[in-house]
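Here is a short briefing for a first look at this structure. Keep the sequence and the 3D view side by side as you read.

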Amino acid sequence: MKLCLPLAATCRSLICVPRAQPFATAASSGVGLGLPRVAELIGSATPGSVVVMAGAGVSVSSGIPDFRSPGTGLYDNLQEYGLPYPEAIFDLDFYRRNPKPFQRLCKELWPGNFAPSPTHYFFKLLHDKGKLRRVFTQNIDSLETASGLPA
């Protein structure tokens with residue numbers, strides 16, 4: 001049995017810690033676990049048993065937009081690229097016809113242009129304390145590695 005805890009509502013990440021017994025989740029009980037309880041669960045986790053699942057939100061505070069947030073998301077801010085539709089920037093057929101928009105975006109998001117967020121450093125701390133098994137992320141920004149977390 002695993003207990004999956006939202007790391008923070010704004011960063012859309014989960015930390016999963018093995019549990020020996022069933023538990024009432026915050027959603028099912030209507031009561032949040034609170035930071036002290038989350039810290040206790042992570043602290044008492046066996047070595048190498050914590051799994052993190054991270055989304056784009058962990059990099060937003062580093063200045064990298066997520067993809068879909070209205071107004072601030074990447075797809076809402078690609079007008080200057082001259083795309084037929086926002087997702088074309090990642091469309092292979094479009095790339096074959098016009099690679100420049102994708103290449104420009106890669107240059108803008110290139111590793112080294114942004115610093116890791118406190119959340120990235122928290123993942124590294126979990127590793128340093130021997131708690132972390134793995135970080136699963138959909139991010140392509142390499143900020144986990146920039147924080148010092150081994151690839």
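The secondary structure of this chain amounts to seven helices and four strands. The model is predicted. Along the sequence, the elements follow the pattern β-β-α-α-β-α-α-α-α-β-α. The points below go from the whole chain to single residues.

**Overall picture**

- The chain has 151 residues, and 35% of them count as buried.
- Its accessible surface is about 9,300 Å². Carbon and sulfur atoms hold 59% of that surface.
- Take the contacts in the chain with a separation of 6 or more: 58% of them link residues 24 or more positions apart.

**Confidence**

- Mean pLDDT for the chain is 81. A value of 70 or more is reached by 79% of the residues.
- Helix H4 (residues 92-97) has the highest confidence, at 96. Helix H1 (residues 26-29) has the lowest, at a mean of 47.
- Two stretches call for a careful reading. Over residues 8-12, pLDDT stays under 50, and the model has 11 contacts there beyond four places in sequence.
- Residues 20-30 also have pLDDT below 50. This stretch has nine contacts in the model beyond near neighbours in sequence.

**Strands E3 and E4**

- Strand E3 covers residues 50-54, and four of its five residues are buried.
- E3 runs parallel to strand E4 (residues 132-137), and five bridges join the two.
- Within this pairing, Val-50 stands opposite Leu-132 of E4.

**Helix H2**

- Which residues of helix H2 (residues 35-44) are buried? They are Val-38, Leu-41 and Ile-42.
- Seen down the axis of H2, these buried residues fall within an arc of 95 degrees, so they line one face of the helix.
- The face turned away from that buried side carries the exposed residues Pro-36 and Ser-44.

**Nonpolar cores**

- The largest nonpolar core has 12 residues. Val-38 and Ile-42 belong to it, as do Ala-45, Val-50, Val-52, Ala-54 and Val-58. Phe-123, Leu-126, Leu-132, Val-135 and Leu-149 complete the set.
- Four elements give two or more residues to this core: H2, E3, helix H6 (118-128) and E4.
- E3 provides the largest share, with three residues.
- Another core, of nine residues, lies apart from this one. Among its members are Leu-74, Tyr-75, Tyr-81 and Phe-94.
- What does Leu-132 touch, leaving out residues up to four places away in sequence? Its contacts are Gly-48, Val-50, Val-52, Phe-123, Leu-126, His-127 and Leu-149.

**Between H3 and H4**

- Ser-62 lies in the loop between helix H3 (57-60) and H4. Is Ser-62 buried or exposed? Its relative accessible area is 15%, under the 20% cut-off, so Ser-62 is buried.
- Beyond neighbours within four places in sequence, Ser-62 is in contact with Phe-114, Ala-115, Pro-116, Ser-117, His-120 and Leu-143.
- Ile-89 is also placed in the loop between H3 and H4. Its relative accessibility is 3%, so Ile-89 counts as buried.
- Ile-89 touches Leu-78, Tyr-81, Leu-83, Pro-101, Phe-102 and Leu-105, with residues up to four places away in sequence not counted.
- Leu-78 and Ile-89 are 11 residues apart in sequence. Their C-alpha atoms are 8.7 Å apart in space.

**Two partly exposed residues**

- Val-60 is part of helix H3. At 40% relative accessibility, Val-60 counts as partly exposed.
- Along the chain, Val-60 and Ser-117 are 57 residues apart. In space, 8.3 Å separates their C-alpha atoms.
- Ser-142 sits in the loop between E4 and helix H7 (143-146). Its relative accessibility of 31% makes Ser-142 partly exposed.
- What is the phi of Ser-142? It is positive, about 65 degrees, although Ser-142 is not a glycine.

Note on methods: Residues numbered from 1 in each chain as written. Predicted model: local features only at pLDDT ≥ 70, side-chain atom pairs only at ≥ 80, totals over all residues. Heavy atoms only, no water. Buried < 20%, exposed > 50% of the residue type's maximum accessible area, 1.4 Å probe, protein only. Pairing = 2+ DSSP bridges. Contact = heavy atoms within 4.5 Å. Areas by Shrake-Rupley, 256 points an atom, 1.4 Å probe, with all protein chains shown as cover. Arc of directions from axis to C-beta. pLDDT = per-residue confidence, 0-100. Core = buried A, V, L, I, M, F, W, Y, C linked by side-chain atoms within 4.5 Å.
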